[in-house]
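User: Please take one part of this fold and look at it closely, following its pairing partners and its packing outward to the rest of the chain. A connected account would suit me better than a list.

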Amino acid sequence: MQQGTHHFVLTLQQQASSGGIVVATFANSCTPQPGQTRAEVYGDLLAAVGHDSPELKGANVLFFSLERNEL
């Protein structure tokens with residue numbers, strides 16, 4: 001399995017329809033497009049999460065990290 005060039009961690013918080021609070025953390029690797037900015041990657045990741053998990057669309061971001069995927 002090929003890894004992306006960058007690793008991200010994204011933690012979101014949203015009020016649930018039941019009145020509780022949902023907190024979800026996503027971590028994976030990705031490869032930004034040539035010339036893409038960190039802000040653009042951030043926006044793409046938020047959009048992807050909102051698409052895959054509609055209940056988290058518009059959630060508050062508690063944490064975001066995007067780093068090169070190398071040691």
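Analyst: Two strands count as paired here if DSSP finds at least two bridges between them. With that in hand, the part to examine is strand 1, residues 6–15, in what is a predicted model. The elements of the protein chain run β-β-α-β from the N terminus on, with 1 helix and 3 strands in total.

Strand 1 pairs with strand 2 in the antiparallel sense over 10 bridges, and strand 1 also pairs with strand 3, residues 60–68, again in the antiparallel sense, over 8 bridges. On the side of strand 2, glutamine 15 stands opposite isoleucine 21. The hairpin that joins strand 1 and strand 2 has 5 residues between the strands, and within this hairpin glycine 19 takes a positive phi near 100°. Serine 29 belongs to strand 2; its side chain reaches the backbone nitrogen of glycine 4 at 3.0 Å. Setting aside residues up to four places away in sequence, serine 29 touches Gln3, Gly4, His6, His7, Phe8 and Asn69.

On the side of strand 3, leucine 12 stands opposite valine 61. Glutamate 67, which also lies in strand 3, is 59 residues from phenylalanine 8 in sequence, yet the two C-alpha atoms are 6.5 Å apart in space. Beyond its neighbours within four places in sequence, glutamate 67 is in contact with Thr5, His6 and His7. Glutamate 67 counts as partly exposed because its relative accessibility is 48%, a value that falls between the limits of under 20% for buried and over 50% for exposed.

Leucine 12 also leads into the packing of the chain. Not counting residues up to four places away, leucine 12 touches Val22, Val23, Ala24, Phe26, Leu46, Val49, Leu56, Ala59, Asn60 and Val61. Leucine 12 is one of the 11 residues of the largest nonpolar core, in which it is joined by Phe8, Leu10, Ala24, Cys30, Val41, Leu45, Val49, Leu56, Ala59 and Leu66. The elements that give two or more residues to this core are strand 1, strand 2 (21–30) and helix 1 (38–52).

Helix 1 is the remaining partner in this arrangement. It has 15 residues and reaches 21 Å from its first C-alpha to its last, close to the 21 Å expected at 1.5 Å a residue. Its buried residues are Val41, Leu45, Val49 and Gly50, and these buried residues pack against strand 1, strand 2 and strand 3. An α-helix has 3.6 residues a turn, so residues three or four places apart point the same way. Of the buried residues of helix 1, which include Val41, Leu45 and Val49, these three also appear in the largest nonpolar core.

For the chain as a whole, contacts between residues at least 6 apart in sequence join residues at least 24 apart in 60% of cases. Buried residues account for 30% of the 71 residues, while the accessible surface comes to about 5100 Å², with 52% of it belonging to carbon and sulfur atoms. Taken along the principal axes, the C-alpha atoms fill a box of roughly 40 × 20 × 20 Å. To return to the part in question, strand 1 pairs in the antiparallel sense with strand 2 and with strand 3, and is among the elements that give two or more residues to the largest nonpolar core.

Technical notes:
Residues numbered from 1 in each chain as written. Predicted model: local features only at pLDDT ≥ 70, side-chain atom pairs only at ≥ 80, totals over all residues. Heavy atoms only, no water. Core = buried A, V, L, I, M, F, W, Y, C linked by side-chain atoms within 4.5 Å. Buried < 20%, exposed > 50% of the residue type's maximum accessible area, 1.4 Å probe, protein only. Helix = DSSP H or I, 4+ residues; strand = E, 2+ residues; numbered from the N terminus. Contact = heavy atoms within 4.5 Å. Areas by Shrake-Rupley, 256 points an atom, 1.4 Å probe, with all protein chains shown as cover. Polar contact = N/O pair within 3.5 Å; in protein donor to acceptor, adjacent residues only side chain to side chain. Expected span 1.5 Å × (residues − 1).
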